[in-house]
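Please open the model in the viewer and follow the selections below in order.

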Protein chains: 2
Amino acid sequence: METKNPIQSAERIFNILEYVAHNGPVGVVEIGNALELHKSTVHRMLLSLISMGYVEQNDKSGKYQLTFKLVQLSSIFLSNIDIYAIAHPYMERLAKECQETVHLVERTGSDVVYIDKVEPAGPRDSSIRMASHIGLLRPMYCSAVGKAILAELPKEELYSIWENSNPEKKTEYTITSLDKMEEELKMIKMKGYALDNEENEIGVRCIAGAILDYNNNSKYAFSISAPISRMTDERVEELSSHVLKMKGELSKHLGNLS
Amino acid sequence: METKNPIQSAERIFNILEYVAHNGPVGVVEIGNALELHKSTVHRMLLSLISMGYVEQNDKSGKYQLTFKLVQLSSIFLSNIDIYAIAHPYMERLAKECQETVHLVERTGSDVVYIDKVEPAGPRDSSIRMASHIGLLRPMYCSAVGKAILAELPKEELYSIWENSNPEKKTEYTITSLDKMEEELKMIKMKGYALDNEENEIGVRCIAGAILDYNNNSKYAFSISAPISRMTDERVEELSSHVLKMKGELSKHLGNLS
DNA sequence: TAAAAAAGTTTCGTGATATGATACCAATAT
DNA sequence: ATATTGGTATCATATCACGAAACTTTTTTA
């Protein structure tokens, strides 16, 4: 409890709503006991929830249960949230802190699409403003962002994506064997971030983190890209902590609990 | 509005919650105007919603927006609902009405798994109590239930599933060409039900409907199976209306609006 | 199967509590 | 610099939510 709730009935009715959501179909008395409320109070509030369409009474058992109105409401809310608006300020901070280009991608099928990009202020280093632009599609298997997301997906989906990808050697470092990829993903899952070690383009390294939502699903990822000259192993070590921090913060913003 | 809401403040606070869910970050006055509430009332209720964790105030703009608590709540509710319990009574009715075996399946990857089965009462016809049992996995491409679900999925997912399936000719009627399958699915989508025309096993026909949830996603399907001797084209015609009816009712039970 | 207990529903008098007018402060707009 | 708009705080008032009690229905137990 942060601050005191100024509306008693609201506190109570939401507690009831939550109780019903958690404990399937339940009865008036059960709720009353669990929440220490008088049964007539519980009953009145259930009537209120019913009149608003959030709860219904099971014809057979007489128990009370949620309708799908809550789900629909949360669905509407989710469809209105704008990952771009949420992520952009973080990306700017990351770009500033690290003085490197930062990308945001969204998974679409077995590819990722670049949906945002922030470059650090100051004189540009043209060698890195390479093949990346908003809207670009890239296969998942040969990008740090793609691998970051892959590492969060169930095996089954990985296989499905792999089948659809026809992995080819973009560079000598590209991973094209499923076995090696599974190894790699296990490592990524452990470390929490993914590394693209010139697997897509010689001379470019990226560090990426997946963004996890309220359901631990991963639909978005972001990365720091830089020419290998600035991406020594020590620098990767240092940048990875920034990535992990931002990953945690952004995931929290998408409702992730962990 | 069904019946009168016995709790004024509940009515108001939920209206505010809904308004905020729909209209992104909003201000006190805007809500007050939209819902014809005094701004001090709105403010107090927002404080209440904040104290309960459903709403937060944007640091920058001072506007109010939802947190993910609502999403998490709806997520908990969804994980608790039991498709089996919901669908079973409908299946029993269908089996009784049609005097045929009814199945319920859930999609898992590029297969469906049989999770429930109801046989009509009375003397059994052993010719149909064939290769179906709870837990059985079957590819989607050669089953009515599978095709019913496929028809509701985006093209992209269809391709992915197709790749993973290695379609083979189970019978002379099995569809193994992607082009033909896309034709077939278009037809299924139009009609609302799918037909397995001895595509999996000679002598057996099935009619299936997909179940659509609150998001128009399709994870479950059900079917009527019968030996071809009882599944003439006219009978299919007749049974399909039962399937469509049940499809509508079940989908509604899963929060589907249409 | 009767009686008792438990769960659900309705009513209503009471006072706690939600209400909204007013005022105040902060941030934009003019 | 001033006005306007939006957000926050206070408080007297009466409305509205409260819960005791009675009643009905269902389930359990004897």
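Select S40(A) in this predicted model: a polar atom of its side chain lies 2.8 Å from a base nitrogen of DNA strand D. Next, select T41(A), where a polar side-chain atom lies 2.8 Å from a phosphate oxygen of the strand. Then turn to V29(B), which places a backbone N or O atom 2.9 Å from a phosphate oxygen of DNA strand D.

Widen the selection to the elements that each give two or more residues to this surface: α1 (8–22) and α3 (39–51) of chain A, with α1 (8–22), α2 (28–35) and α3 (39–51) of chain B. Of these, α3(A) gives the most, with four residues. Around DNA strand D there are 20 residues, and those that come nearest are H38(A), T41(A), R44(A), Q8(B) and Y64(B). By class, the surface has six nonpolar, 11 polar and three charged residues. Colour the atoms of DNA strand D within 4 Å of the protein: 71% belong to sugar or phosphate, and the rest to bases.

Now display both protein chains. A turn of 180 degrees, with a shift of 0.0 Å along the axis, lays chain A on chain B with an RMSD of 0.1 Å. The two copies are therefore related as by a two-fold rotation axis. Both use the same surface, as 98% of the contact residues of chain A recur in chain B.

Finally, select helix α9 of chain A, residues 233–253. Its buried residues include V236(A), L239(A), V243(A) and L250(A). The buried residues of α9(A) pack against α5 (83–98), β6 (194–197), β7 (204–212) and β8 (218–227) of chain A. Just after the helix, G255(A) has a positive phi of about 90 degrees.

Conventions
Residues are numbered from 1 along each chain as its sequence is written. Chains are lettered from A and ligands numbered from 1 in the order in which they are written. This is a predicted model: local features need pLDDT of at least 70, side-chain atom pairs count only at pLDDT 80 or more; totals for chains, interfaces and linings use all residues. Side-chain values use heavy atoms; hydrogens and water are left out. The expected span of a helix is 1.5 Å times one less than its number of residues. Buried means under 20% relative accessible area, exposed over 50%, partly exposed in between (1.4 Å probe, protein chains only). Contact means heavy atoms within 4.5 Å. Copies are superposed by least squares on the C-alpha atoms of residues with pLDDT of at least 70 in both. A residue is near a molecule or strand if one of its heavy atoms lies within 4 Å of it. A polar contact is a pair of N or O atoms within 3.5 Å; within protein, one must be able to donate a hydrogen and the other to accept it, and residues adjacent in sequence count only if both atoms are side-chain atoms. Ala, Val, Leu, Ile, Met, Phe, Trp, Tyr, Cys and Pro count as nonpolar, Asp, Glu, Lys and Arg as charged, and the others, Gly among them, as polar.
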